[in-house]
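Open the model in your viewer and keep the selection panel at hand. The stops below go chain by chain, then to one helix, then to the interface.

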Amino acid sequence: MSLGGIDLVVLIASLMVASTPIMLAAIGELVAEKAGSLNLGVEGMMIIGAICGFIAAVETGSPVLGFVAAAAGGAVMALLFAFMTQVLLSNQVATGLALTLFGLGLSSLLGQGYNGIKPPPTPKLFGSLGDLPVVGPIVFGHNWVVYLSLILVAGTWAVLKYTRAGLVLRAVGENHDAAHALGYRVRTVRTLALMYGGACAGVGGAYLSLVRVPQWTEGMTAGAGWIALAIVVFASWKPWRVLLGAYIFGGVTVLQLRLQAAGIAIPVQILSTAPYLITILVLVIMSARRGRAAQGAPASLGRVFHASH
Amino acid sequence: MKRREFLAATAATGTVLATGLAGKAMAAEPLKVGFIYLGVPGDGGWTYQHDLARQAMEKHFDGKVVTNVIQNVPEGADAERSITQLALAGNKLIFTTSFGYMDPTINVAKKFPKVKFEHATGYKRADNVSTYDARFYEGRAVIGTIAGRMTKTNKIGYIGTFPIPEVVQGINSAYIHAKKVNPDVEMKVIWVSTWFDPAKEADAAQAMIDAGVDVIMQHTDSTAAMAKAQAAGVYAFGQSSDMIQYAPKPRISSIIDNWAPYYIQRAQDMLDGKWASQGVWMGIGTGVVEIGEITDAVPPEVKAEALALKDKIASGAYHPFTGPLNKQDGSVWLAAGETPKDDMLSGLNFYVEGIQGDLPK
């Protein structure tokens with residue numbers, strides 16, 4: 001299947017790879033924000049995940065341990081954020097920005113001596129099923145992290161919508177005073193939500209350093225965390241739209257490079273702005289349709305909670 | 001050392017960091033030299049090479065010169081603030097190491113007439129602003145020759161950054177010399193609109209590989225494309241830095257920027273009070289552009305051919321842009337035997353005949 005010199009099957013398979021890091025980071029941030037914490041440190045948590053995952057995978061030879069270490073690294077970063085904002089009641093925006101700077105700096109320190117090393121390959125989950133025509137590369141051709149990311153999106157959606165824990169989490173994010181009055185532990189819920197967000201961002205970062213590039217380079221996230229933050233907003237805090245937004249963004253990014261390789265005459269400036277424009281347009285149009293109520297920013301998002309009574 | 005690096009990285013968005021030899025007692029006040037970096041030394045490419053040269057300069061002067069660095073400075077309005085910061089911090093000589101710092105450098109230079117500025121790869125000068133640049137296109141001619149010989153699919157790729165003259169020279173030079181040894185060669189250019197974004201560089205390399213490209217050249221700063229080339233079993237070239245960790249395959253050779261001789265010379269000029277504004281454009285002959293080791297993955301006769309070309313360029317016997325050459329639209333650019341003047345080259349804004357696709361304006 002080929003269109004204008006671009007193999008559609010390869011395109012779809014590679015857009016899934018390109019989208020996975022931002023989707024993972026975005027779905028984690030969505031949960032943190034649904035609980036009412038605005039963590040702008042996604043970029044910092046991602047890059048810490050990228051280097052922690054890389055070091056662990058290289059040292060142990062196991063990509064699985066790499067991703068586990070990445071999740072742990074991201075979660076520790078988030079815990080730091082939670083301590084600052086939930087216990088010391090610092091400003092969330094400033095703390096988040098500081099977390100990004102800290103993460104970038106710490107990762108380049110940790111990464112000394114890891115330049116130019118090749119990480120162990122992350123195997124494809126279904127082996128030879130990936131050689132089937134069409135469905136092979138798209139459905140079966142990926143490594144387990146891609147499937148994990150899809151499961152996380154579905155799981156996050158189901159938990160937020162159908163479980164008691166999800167209801168509590170949303171209650172904390174909508175009105176922390178009311179939730180507190182009902183006896184829910186606002187700070188604990190937020191801390192856990194932030195750690196989930198950190199772990200997801202960490203795995204997303206490790207996906208860059210272990211699969212998508214794969215190597216360690218200082219500053220290699222290069223803004224992916226900020227894209228993830230934007231996608232959460234434009235997706236109106238809805239998990240499936242996060243998936244859609246990430247896939248559109250990743251898809252158009254990959255597509256525009258392939259259009260250039262195929263020599264299709266579209267001005268490069270239009271191509272390189274296309275991922276941003278198209279993602280924003282699609283998500284804005286979707287959320288504009290149902291009016292303001294559907295946009296759904298958690299009402300307590302970014303507000304400091306202080307249990308004074 | 002570790003602590004210093006940690007601070008350097010943490011201060012990424014713009015705290016001035018003195019990496020000088022503060023502990024040394026000096027009779028005279030040491031010369032303070034500032035550097036603005038686009039990325040981080042850990043990119044393994046462009047910024048790494050500037051940082052190596054900075055260290056070589058500090059070492060050469062052994063305490064008589066101390067340096068201050070601001071890294072991760074975006075090209076654009078924010079650069080002006082960072083350059084000003086270095087000037088206010090007492091640096092007498094400031095190197096701004098990327099094309100996009102051109103206007104910010106000129107603007108800051110107006111406010112600090114006593115401070116000397118050195119802007120890399122630009123073309124705007126003033127009484128206290130010099131420009132220095134390297135004839136990367138000379139190196140591109142050599143690796144273009146290797147690329148033309150090594151490709152089996154007759155498709156070679158070039159990851160472009162921004163359509164500035166330096167990059168356009170590189171694409172043209174590589175194409176002309178690949179075509180010279182392999183008339184069937186086709187050049188695929190992908191513009192990624194960034195100097196440094198490993199994920200995007202890797203995606204671009206992958207897009208080329210999927211389109212049948214089997215030799216990749218890059219103008220971007222990181223080694224990400226190398227990792228993809230290695231996985232796919234195609235060839236690539238180190239850019240800015242040797243990237244020797246990917247030898248002997250996929251990295252079969254490289255273009256290395258060696259700024260150290262120039263930095264040492266200019267600091268010496270400052271110490272001697274002889275600094276004057278100039279515009280220099282240094283090539284293979286001066287050692288600023290080096291060709292990294294050509295590995296055994298390249299057949300000996302191709303290696304010999306490439307080295308012969310390098311020697312001819314170094315001695316000045318051959319100019320990589322020697323006519324007859326036509327522009328992309330078929331009109332005559334250079335008549336037979338004609339070579340372009342430097343100011344024409346430094347404003348180069350068109351492809352030569354044979355390259356497909358439009359050059360972004």
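The radius of gyration used here is taken over C-alpha atoms, and the globule rule sets it at 2.2 Å times the number of residues to the power 0.38. Note before starting that this is a predicted model.

**Stop 1: chain A.** Select chain A and colour by secondary structure. Twelve helices and two strands appear, and along the sequence they run β-β-α-α-α-α-α-α-α-α-α-α-α-α. For 309 residues a compact globule would have a radius of gyration near 19 Å, and the 20 Å of chain A agrees with that. Along its principal axes, the C-alpha atoms of chain A fill a box of roughly 65 × 50 × 35 Å.

Switch to a surface. Chain A exposes about 12,400 Å², with 72% supplied by carbon and sulfur atoms. Of its 309 residues, 55% are buried. Among contacts in chain A with a separation of 6 or more, 79% link residues 24 or more positions apart. Now show the charged side chains: chain A has 17 positive and 9 negative charges, and their mean positions are 12 Å apart.

**Stop 2: helix α10 of chain A.** Select residues 224–234 of chain A. Which residues of this helix are buried? They are A:Ala224, A:Gly225, A:Ile227, A:Ala228, A:Leu229, A:Ile231 and A:Val232. Add α1 (8–34), α2 (42–60), α11 (239–261) and α12 (268–288) of chain A, against which the buried residues of α10(A) pack. Just after α10(A), look at A:Ser236, where phi is positive at about 50 degrees.

**Stop 3: chain B.** Hide chain A and select chain B, which has eleven helices and 15 strands. Its radius of gyration is 21 Å, close to the 21 Å that the globule rule gives for 361 residues, so chain B is as compact as a globular protein of that length. The C-alpha box, taken along the principal axes, is roughly 65 × 45 × 35 Å.

In chain B, 58% of the 361 residues count as buried. The exposed area of chain B is about 13,600 Å², and carbon and sulfur atoms supply 53% of it. Colour by charge: chain B carries 36 positive and 39 negative side chains, and the centres of the two sets lie 4 Å apart.

**Stop 4: the interface.** Show both chains again. How many residues of each chain are in contact with the other? Chain A contributes 32 residues and chain B 38. The area buried between the chains is about 2,900 Å², of which carbon and sulfur atoms give 58%. Finish by selecting A:Glu218, A:Leu257 and A:Ala261, which supply 18% of the area that chain A buries against chain B, more than any other three residues.

Terms used:
Residues are numbered from 1 along each chain as its sequence is written. Chains are lettered from A and ligands numbered from 1 in the order in which they are written. This is a predicted model: local features need pLDDT of at least 70, side-chain atom pairs count only at pLDDT 80 or more; totals for chains, interfaces and linings use all residues. Side-chain values use heavy atoms; hydrogens and water are left out. Helices (H or I, at least four residues) and strands (E, at least two) are DSSP runs, numbered from the N terminus. Buried means under 20% relative accessible area, exposed over 50%, partly exposed in between (1.4 Å probe, protein chains only). Accessible areas come from the Shrake-Rupley method with a 1.4 Å probe; for residues, only the protein chains shown count as cover. Lys and Arg count as positive and Asp and Glu as negative; His and the chain ends are not counted. The place of a charge is taken as NZ of Lys, CZ of Arg, CG of Asp or CD of Glu. Contact means heavy atoms within 4.5 Å. Buried area is the accessible area (1.4 Å probe) that two parts lose on being put together, summed over both.
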